[in-house]
Amino acid sequence: QYSPDSVAGADGEIDPTEVTFPGCSCRSSSCAVPECPCLCRGENYSSSLCLRLAEQQEQHFSRPVFECNSLCQCGDGCQNRLVQRGLQLRLQVFRTERKGWGVRALEPVPRGSFVCEYAGEVLGSAEAHRRIQAQTAQDPNYIIAVREHLHDGRVMETFVDPTHIGNVGRFLNHSCEPNLFMVPVRVDSMVPKLALFAATDISAGEELSYDYSGRFHNSPATSREHKPLEEENRLRKPCYCGSRTCASFLPWDSSLFSTP
């Protein structure tokens, strides 16, 4: 079932549509720093509606992204409303030579542009682990686990499963040298939208990909991937990204295959 936005999972533990953030009282057509509390919470977009990548790379951490929400007084044209507008680019799902389905852009995509969301059922930890452990090595695994490492040592986890309900993001392939990267973007609540942005200028017809491990644009220490035991290799899938730094296998997170 196609859904442009994430929905509550079958376990009913998390509702991504619930509004828990207060809205800003900005009266201008487009919010600005430092008047807007939404923008003051974290990172904001440039005037060309792109994520400010340069500042992110200069730091050892990334600032969170909060968009204006449904309770804000600013208008729909506010430049702090980007991911919530959904897919704006022309994308095409196509059959690749060795990787099954893939996604490519039908128009040039400038660096820093929002491409699409990785949408699906938002699950609680227990249900996410149950579904993953019920899979066999032959099953396609679409469940993504995103971990945000806070400055105080806490880790926030978000699990999204587009196996049965999802959008075009489920067809994006992994690459060890990707042209997209994922950023959790919050709009109405602490449940983030898993937004994919262009890491470089992308040409029309070029396949879109991101690093499933999350290492790209992040500290390597934040990844739970490890060198697996030989018996675990039977659960791993080969990587056909073809990049110079290809790791031969798709990313592996053993914690998802153990009891939480």
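Select Arg111 to begin: this residue sits in the loop that runs between strand 4 (101–105) and strand 5 (114–117). The model on screen is a predicted one. With a relative accessibility of 38%, Arg111 is classed as partly exposed, because that class covers values between 20% and 50%.

Keep Arg111 selected and add Arg52. The two residues are separated by 59 positions in sequence, and their C-alpha atoms lie 9.6 Å apart in space.

Before the next stop, colour the whole protein by secondary structure. The assignment gives 3 helices and 12 strands. Switch to a contact view if the viewer offers one. Among contacts in the protein with a separation of 6 or more, 67% are between residues 24 or more positions apart.

Next, go to Pro34, in the loop between strand 1 (7–8) and helix 1 (37–40). Show the backbone from Val33 to Pro34: the peptide bond there is cis, and its omega is near 5 degrees. For reference, most peptide bonds are trans.

Continue along the chain to Leu49, which belongs to the loop between helix 1 and helix 2 (53–58). What is the sign of phi at Leu49? Phi is positive at Leu49, at about 60 degrees, and the residue is not a glycine. As a rule, residues other than glycine mostly have a negative phi. The relative accessible area of Leu49 is 27%, so the residue counts as partly exposed.

A second positive phi is found at Ser248. Select Ser248 in the segment after strand 12 (207–210). Its phi is near 75 degrees, and Ser248 is likewise a residue other than glycine. Ser248 has a relative accessible area of 45% and is therefore partly exposed.

Now move to Gln138, located in the loop between helix 3 (125–133) and strand 7 (144–149). Is Gln138 buried or exposed? Gln138 is exposed, because its relative accessible area of 68% lies over the 50% cut-off. Add Arg236 to the selection and draw the C-alpha to C-alpha distance. Gln138 and Arg236 come out at 9.8 Å in space, with their positions 98 residues apart in sequence.

To finish, turn on the surface for the whole protein. About 13,500 Å² is exposed, and 50% of that area comes from carbon and sulfur atoms. Then colour by burial: 45% of the 260 residues count as buried.

How values were computed
Residues numbered from 1 in each chain as written. Predicted model: local features only at pLDDT ≥ 70, side-chain atom pairs only at ≥ 80, totals over all residues. Heavy atoms only, no water. Helix = DSSP H or I, 4+ residues; strand = E, 2+ residues; numbered from the N terminus. Buried < 20%, exposed > 50% of the residue type's maximum accessible area, 1.4 Å probe, protein only. Contact = heavy atoms within 4.5 Å. Areas by Shrake-Rupley, 256 points an atom, 1.4 Å probe, with all protein chains shown as cover.
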